[in-house]
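User: Could you take me through one part of this model in detail, please? I would like to look at the place where two chains meet.

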Amino acid sequence: MIDAPAIAFQILQSVFVVLAAPLLLGWANQCRAWLQNRSAPSILLPYYTLAKLFHKDAVIAHNASAVFRVTPYVMFGCMWLAAGIVPVLATDLPFAPAADIIALVGVFALARVFSALAAMDIGTAFGGLGARREMLIGFLAEPAMLMVLFTAAFISGSTQLNTIVETLGHREFAIDPSLAFAAVAFLMVLLAENARIPIDNPTTHLELTMIHEAMILEYSARHLALIEWAVAIKLFAYMTIGIALFVPWGIAEAGNWGALPLAFAALAAKLAFAGAGLALLETLLAKLRLFLAPEFLSTAFLLGVLGILTHFLARG
Amino acid sequence: MEPLASPLLDSLVAAVSWLVIGALALVPAGNAFFARRLAFPLGALIGLGLAGFGLQAIWLPTQQMTLPLGLPDLPFHLRVDPLAGFFLMLLGSVSAGISVYATGYFREEPAGRLALIGLQYHVFLASMAFVILADDAYLFMVAWETMALSSYFLVTTDHKLPAIRSAGFLYLLIAHLGAIAILLCFGVMQGGHGDYTFDTLRSAELDPRWATVAFLLAFFGFGAKAGMIPLHAWLPEAHPAAPSPVSALMSGIMLKTAIYGMVRVIYDLIGGVRWEWGMLVLAIGAGTTLFGVLYALMQHDLKRLLAYHSVENIGIILLGLGMSMVFVGFGHPAAGALGLIAALYHTLNHAVFKGLLFLGAGSILHATGLRNLNDMGGLIHKMPHTAFYFLVGALAISALPPLNGFVSEWLTFQTALQASILENGVVRSLLPLFAATLALAGALTAMCFVKVFGIAFLGRPREPRHAAPDAAGDQDHDAGMMERLGMAWLAAGCFVLGLFPTSFLLMLNRVAVSLTGQGLREGAVQSNWLWLVPIESERATYSPIVFLIVIVCVTLLTFILVRRFYHGRLRYSEGWGCGYSELTARTQDSADAFGQPIRHVFGPLYLMQRHMPAADDPAPRFSLKIEDRHWYWLYLPVARLTEYVSSKIALLQQGRISIYLLYSFVTLIALLVFVR
């Protein structure tokens, strides 16, 4: 059932994702700078930032508990696991059956719960505020995400990402109305879950409008580096989930190692496009008031439900 | 052929031993030495034994027995089949942990109270065992009522407080409304034979209309005990009133006997499940789930909050059960079996993690005297063990992998994803919506337990009294040895149920086969201890072990790499207040503040009274009161109607002997006329 090259490939893919994730973030930042007529930072800037943070001395509050110190590692581990089970280059991932799409959502929820707990650990006002807002976004985004994934699961008759991608990849190139609804919903969830505009602003310096940044105010040095890295992997994982669900063409099928170079090129092109699109969206949109977030995400949820209903209707 | 083991006889012995322990607990010798030192550990041992017998019963053929007890010509019948075996296992294993904990928790009670608690506690346990073992309506009702009464006395342990007396009264009232409905249900099912053994009820062919009446009576009768809306009102009152181990027993196990009753009556005794029934169960289940979690988010009393979560989890169980009934009703027994398995799995899971959480709440109450979350904070530093166990329970109830709550929600989702095999287009489109309800409830539960754990255990103490130990020096201690042992047992249960779901899946498959005649599809047989495959391997797989190993490995690897290539240097300082210097412990989020986004989003669902202090108030104090709308549209009108009717009936009572003689005379004449 499990063969050695597949396992080697699984490990290679996981390492590749972890190493490549900051690059995607750097690319998106670079595009955004260009769009905003600023001189762009190096695409490698996220790596420099991580290296700088790892070299610093960590500072933590006197009353930090074990939860606070464990959380960066747990978050990083969760995101690494998530990145490992999303078919990025090939659908032949021996670890993927361990966790299907529902478990994938569970992994993201686990990371979110730990980060919210860590935010409340020191007992500052902003930590609690960030935790509460993050959980608000979380409980709105999670059902919407599940609806999107259920649409794909109903179409392919499976909740395993490998099978879903193989099924969807074999269909002819046509716009499926249920997948169109799901794609829009997924895009909205992606923006919210990754703390991007219009829900949250990753570059904000205003504590009162922060969500994600408010939660990690207490972190520094290697802890902060791990969290930032985890955030980059999360964005990468979400983008590859979107690619796997909606534009899977080009991915290498099980056992077909010769298709890997092509799959790699296709992935790079898709991600470059997605990163530029993210930068474009962040340039065009303004941040929403926090209490418009429920409307934004319930729209995503309804679109997801519409996707499922359309699938049932279209099938008769 | 004589079977090698007789789980029925063994379980009967176990249940009777609980009664004996209860009676012995009354012995006052040596400052109630027996009740204080021996009763609860012995009860826990018997619980372990019972769990073993239940486990045996799942795999052995059904056994029956008639006891030479009861009324003349109406002996007690006992029976144990896989369903009963499963619930005996639940009762035994969860009560074992709670009893160990109770040894520590009740250690310092005065002798008189302790003796009574020991009696009622073990009678309560024994009555639950008899509810599960009963094979006729008579014994079932006797055990059911004993369960209600013994738990009533346990709830009103602190009967000197008026609030607790009224909570107990409300509990007793709704318990009896439910009991009447169950009694009527048995009456409908026997269909005029006058024979109340379950064998007769099982073989009786009911007209579809009468079957629906019986279903409705059973559903609402047992639902009143389970705490589904709109009959949930007793639950958030009674659970906080009871001592914590009793809350754990009631929420963890007693509610599950109602689920047992529902499954027993609907699948086994009535039989011929209809999909319309399933839709009703689904609708009420979805309402119960959302109501429970949304009201839980508004609570700041820890035990009340947990009680509302019990309401929510009963809703989740009903969602699984309802999906199962829909599939069985439409003639898809394999999918129906999966739904039933999901519901029963969640029943067991909820018993384990809710028991654990109530015990954790009890330890907090014991150590600090606090139940109000708004006064807690920073307990993780003083109670690290309790904090760890509570965190396990909190992650489990939030349905996070790889713990047990996730497995049953995963199975429920998998059931809902089978919707495409249904022929009825409306039902097919509705099932994913119920799954969406479950997804929403799961995410809201995670938010609620971030609130509970974050506010109670993390941060800084909110009340200065708890910031430093007082003169006596032993305030806010961690839970004692026995308390910890009890919590550790249930926390281990959360891990075992989460990590080895396949063995439980196969066990529950046997229960499903015994009830619906068919189990999971062939593909599910591919399940082994590593891979959980409920349908077939192309459709869905989940392996919590691989999941856990991978996540632990990558986390450790990260830790080692970071330490190896960089350094572990660490400095301590004050928390960073973003430049604000006056951040005190009171500027942290309170439990009410944490629920504020929910109040904003779901505002119309609550009946809210808020007091906002004015800007120039020298001692500002925010207060918030959330009330349950059900009181105003259901309970109070019914109460008023009852009062009105009884005031009219009271006119009969004139207090004069001549009037009463007149009544007797009229009755006599009427009897002479009508009865020949």
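Analyst: Let's begin with a single pair: Ala58(A) stands opposite Leu570(B) in β3(B). This is a predicted model, in which local features need pLDDT of at least 70, side-chain atom pairs count only at pLDDT 80 or more, and totals for chains, interfaces and linings use all residues. Residues are numbered from 1 along each chain as its sequence is written, while chains are lettered from A and ligands numbered from 1 in the order in which they are written.

Strand β1 of chain A (residues 58-61) runs parallel to β3(B), and 4 bridges join them; strands pair if DSSP finds at least two bridges between them. Strands here are DSSP runs of E with at least two residues, and helices are runs of H or I with at least four, numbered from the N terminus.

Stepping back, 67 residues of chain B are in contact with 71 residues of chain A, contact meaning C-beta atoms, placed from the backbone, within 7 Å. On the chain B side, the elements that give two or more residues include β3 (570-573), α16 (404-416) and α20 (544-565). The largest share, 16 residues, comes from α17(B). That side of chain B divides into 40 nonpolar, 19 polar and 8 charged residues; Ala, Val, Leu, Ile, Met, Phe, Trp, Tyr, Cys and Pro count as nonpolar, Asp, Glu, Lys and Arg as charged, and the others, Gly among them, as polar.

As for the partner, chain A has 11 helices and 1 strand, and its C-alpha atoms fill a box of roughly 55 × 45 × 40 Å along the principal axes.

Note on methods:
Contact = placed C-beta atoms within 7 Å.
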